[in-house]
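Here is a short briefing to read alongside the structure. Keep the viewer open while you go through the points.

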Amino acid sequence: MTRIDKWLWAARFYKTRSLAQEAIEKGRVKVNREHVKPARTLKPGDSLQLSQGDSLREIEVIALSEQRGPAPEAQKLYRETAASLEALALAKERRKLFPEPAHAIEQGRPTKQQRRALDRLHGSSD
């Protein structure tokens with residue numbers, strides 16, 4: 001038996017165990033459609049629902065592991081449902097068609113020197 005927070009970390013859904021624990025405590029992870037605590041033990045055959053960003057992933061646990069290994073090994077621990085894969089592909093396509101406007105901003109606020117140059121250009125004085 002493996003704790004769900006350790007398994008989510010070992011399966012590479014979260015970078016750290018503490019991030020996995022936080023997601024579980026915030027209700028972003030369900031086991032067999034029920035909210036759980038980080039110490040909940042998993043067994044093969046359990047189904048997980050993970051809310052990551054704007055997507056909902058549905059996973060079936062195939063194997064257990066408490067050690068984080070390479071990504072190809074981690075992918076052998078679970079199987080994603082067909083509906084979940086389809087939803088991920090749709091979300092990816094949607095992000096491609098309608099990109100986040102904030103990502104187009106190449107630089108942030110103007111520096112003090114740039115702001116003074118803009119002020120001179122527009123003729124405003126303080």
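With which residue does R3 form a salt bridge, and how far apart are the closest N and O atoms? The partner is D5, and the closest N and O atoms are 3.0 Å apart. Please keep in mind that this is a predicted model. The notes below start from that pair, then turn to the sheet and a helix.

**The network around D5**

- D5 also has a salt bridge with R17, at 3.3 Å from N to O.
- This second pair reaches from helix 1 (residues 4–10), where D5 lies, to helix 2 (residues 17–25), which holds R17, so it ties together parts that are 12 residues apart in sequence.
- Buried or exposed: which word fits D5? D5 is buried, because its relative accessible area is 0% and the limit for buried is under 20%.
- R3 is partly exposed, with a relative accessible area of 28%, and R17 is also partly exposed, at 30%.
- Through shared partners, salt bridges join R3, D5 and R17 into one network.

**A link from helix 1 to a loop**

- K6 and E66 form a salt bridge through their side chains, with 3.6 Å from N to O.
- Which parts does this pair tie together? K6 belongs to helix 1, while E66 sits in the loop between strand 6 (55–61) and helix 3 (71–74), so the pair ties together parts that are 60 residues apart in sequence.
- E66 is partly exposed, with a relative accessible area of 41%; K6 counts as partly exposed as well, at 23%.
- For the overall tally, the count comes to nine salt bridges, with a nitrogen-to-oxygen cut-off of within 4 Å.

**The sheet**

- Five strands make up an open sheet in the order 3-2-5-6-7, and their pairing is antiparallel.
- Which strands are at the edges? They are strand 3 (34–35) and strand 7 (78–80), each of which pairs on one side only.
- Strand 2 (residues 29–31) and strand 5 (residues 47–52) run antiparallel and are joined by three bridges.
- If you want a residue to click on, V29 has L50 in strand 5 as its bridge partner.

**The helix across the sheet strands**

- Helix 4 (residues 82–97) lies across strand 6 and strand 7.
- Relative to strand 6, helix 4 runs at about 150°.
- Strand 7, one of the two strands that helix 4 lies across, is also an edge strand of the sheet.

Note on methods: Residues are numbered from 1 along each chain as its sequence is written. This is a predicted model: local features need pLDDT of at least 70, side-chain atom pairs count only at pLDDT 80 or more; totals for chains, interfaces and linings use all residues. Side-chain values use heavy atoms; hydrogens and water are left out. Buried means under 20% relative accessible area, exposed over 50%, partly exposed in between (1.4 Å probe, protein chains only). Helices (H or I, at least four residues) and strands (E, at least two) are DSSP runs, numbered from the N terminus. Two strands pair if DSSP finds at least two bridges between them. Contact means heavy atoms within 4.5 Å. Axes are lines fitted to C-alpha atoms, for helices over the stretch in contact, and angles run from 0 to 180 degrees between N-to-C directions.
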